[in-house]
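Notebook open, model loaded. I want to go through the chain contact, one helix and a handful of charged pairs.

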Amino acid sequence: MNPDDDEGHGRSGVSRRGFLGGSVAAAAAPLLVTAVDATPAEAAEGDGLVAVRARINGRTVTTRVDPRATLLDTLRERLELCGTKKGCDRGQCGACTVHVDGRRVLSCLTLAVTANGAEVTTIEGLADGDELHPMQQAFIDHDGLQCGFCTPGQIMSAVAMVHEGHAGSGEEIRERMSGNICRCSAYPFIVDAIRDAQKVMGR
Amino acid sequence: MKPYDYTQVRSVRQAIRHAGEGTAYLAGGTTLVDLMKLDVMTPARVVDINRLPLRGITFDRDGLHVGALERMSDVAADRTVRRHYPMIAEALELSASAQLRNMASIGGNLLQRTRCGYFRDVATACNKREPGSGCSALTGVNRIHAILGTSDACVATHASDLAVALVALGTDVHVASARGTRTVPLDTFYTLPGTTPHVENVLRPGELITGISVPSSKWAAHSTYLKIRDRQSYEFALASAAVALELHRGTIKQARVAVGGVGTKPWRLTTVERALAGRPATAETFESAVGNAADGARPLAHNAFKPALLRRTLIRALTVLQERR
């Protein structure tokens, strides 16, 4: 909680969490932050915590974490970025997919300390102001979801896959998206959404 | 997760100095973090090696050299690897998921634990996790388990697809420790479970994999990796085959063959290689050459299908390769 916000308070989000949690976030401020310079994580300090500084959705965030904390828990529990979902927490479902330095990874198997100095993008960082990312819009247009729990992970994974240049066919999309499980089985519409978004993203 | 001391290091020397008994090196974390969460692995110290300069994919007269911290996805996408060692790229792309391939390092892939569901479940007996506690898989659900190289103590399968391809190609593993550096052939790097399934390789405490070298050869460029599994993607192999052939006018001059999903370690099949050498590359040759592929297999209650599946997997891989020519 309480990121050391170098750039003010970002954009007003479209997220439900941001809307509901605004006053809570303001009230809960003084938990952890000491202004830490850009010194990289080397080892735990006396209290067992390790300083981590990362750019998350374009904002520089400095915090101190238990070396056991995952990036997923740190995003959700400390930084109030709850768009990233905790599904299996075992690296099997893909719901926690985020981008670290532009690569899609599983935040549940990423220790927060290893994100020091990294550029992290979560689902909250994908839209441009009020304008949804083409992939988000395509998931809505194609009903690429039912319960929606896997959706942030699906979208983060899909955006990265398009950037990787491997969304050429339905078959390729299915193979390269196999790390994202959808228990509602919205897969056909997810594939449609990705094929559609890819055309817009390619422009 | 049990508490541990966390240290990030910036040189191999520093890493080695921090390491020893009870130390785990952290690279991609896809195995280690998972198993630490389950309390299956409980290192007292975690040494983060991600900033070490163990990078680079180079190709020269001796062959292919890959730094231990190169990520699976980057090696799979490398043009040289795809062109000169297609079975390596194929094995990597058939492994895990895109996210895990972005995270997992080559060194970490080789060191992923030989494991089964019982190993991951601390409520059950497992000689690998807790030496002497017994093997739940022997009498439990053992459909996906190994049939080759097993013992009464452990029947878990080695899960790495990459390692199967690398064993077929005669890869060397480079390791560093306070005593200096040494090179170990990957085939002898892994050990059989025997009565000590908690020991999976010849690494000594604190030793660090720095890279691998895959020799150049006349067969590596003509190679493939075939993986058979219950799901089409994101699943471990029930059986897999890494096959490389040097062909000359329809005759097999030399062959390299290893199989996965069936052994307690990546399983090189030199008997099949010898049976293929000097013979015409035909369906009849493939059929007869794989006849003894599963010799010595010890099927369990639920995986008696594996010897036949293994032979058919080999035949199909050989056929695919022959037709690709």
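These are my entries, in the order I looked things up.

**Entry 1: the contact between the chains**

First a reminder to myself that this is a predicted model. I began with how much the two chains hide from solvent: chain A and chain B bury about 2800 Å² between them, and 48% of that lies on carbon and sulfur atoms. I then asked which three residues of chain A give the most to the area buried against chain B. They are Arg68(A), Arg103(A) and Leu109(A), which together supply 25% of chain A's part. By residue count, chain A brings 33 residues to the contact and chain B brings 34.

Next I looked for polar links. I got 17 residue pairs in polar contact across the interface, both partners at pLDDT 80 or more. On the chain A side, β5 (103-106), α4 (151-164) and α5 (170-176) each supply at least two of the touching residues. The largest share, four residues, comes from β5(A). Sorted by class, that side of chain A has 12 nonpolar, 12 polar and nine charged residues.

**Entry 2: salt bridges across the interface**

How many salt bridges cross between chain A and chain B? The rule finds three. I noted down one of the pairs: Lys37(B) with Asp89(A), at 2.8 Å from N to O. Both residues also belong to a salt-bridge network that takes in Asp73(A) and Lys86(A).

**Entry 3: helix α4(A)**

Since α4(A) turned up at the interface, I checked its geometry. Its 14 residues should span 20 Å at 1.5 Å a residue, and the end C-alpha atoms sit 19 Å apart, so the two agree. Is the helix enclosed or open? I count α4(A) as largely enclosed by the rest of the structure, because 12 of its 14 residues are buried. Among the buried ones are Gln154(A), Met156(A), Val159(A) and Met161(A). Just after the helix, Gly165(A) has a positive phi of about 80°.

I also followed Val159(A) outward, since it is one of the contacts of His133(A). The others, leaving aside neighbours within four places in sequence, are Leu126(A), Ala127(A) and Met201(A). His133(A) lies in the loop between β6 (119-121) and α3 (134-141) of chain A. At 13% relative accessibility, under the 20% cut-off, His133(A) counts as buried.

**Entry 4: salt bridges within chain B**

The search of the whole structure gives 22 salt bridges over all chains. I picked three inside chain B.

- Glu90(B) pairs with Arg324(B), closest N and O atoms 3.2 Å apart. Glu90(B) is in helix α5 (residues 86-93) and Arg324(B) in helix α14 (residues 306-324), so the pair joins parts of the chain 234 residues apart. Glu90(B) is buried at 19%, while Arg324(B) is partly exposed at 42%.
- Asp152(B) pairs with Arg298(B) at 3.4 Å. Here two loops are linked, one between α9 (136-139) and α10 (161-168), the other between α13 (283-289) and α14, with 146 residues separating the partners. Asp152(B) is exposed at 59%, and Arg298(B) is partly exposed at 36%.
- Glu273(B) pairs with Arg268(B) at 2.6 Å. Glu273(B) is buried at 7%, whereas Arg268(B) is partly exposed at 23%.

Definitions and conventions
Residues numbered from 1 in each chain as written. Chains lettered and ligands numbered in written order. Predicted model: local features only at pLDDT ≥ 70, side-chain atom pairs only at ≥ 80, totals over all residues. Heavy atoms only, no water. Contact = heavy atoms within 4.5 Å. Buried area = accessible area lost by both parts, 1.4 Å probe. Salt bridge = Lys/Arg side-chain N within 4 Å of Asp/Glu carboxyl O. Polar contact = N/O pair within 3.5 Å; in protein donor to acceptor, adjacent residues only side chain to side chain. Nonpolar A, V, L, I, M, F, W, Y, C, P; charged D, E, K, R; others polar. Buried < 20%, exposed > 50% of the residue type's maximum accessible area, 1.4 Å probe, protein only. Expected span 1.5 Å × (residues − 1).
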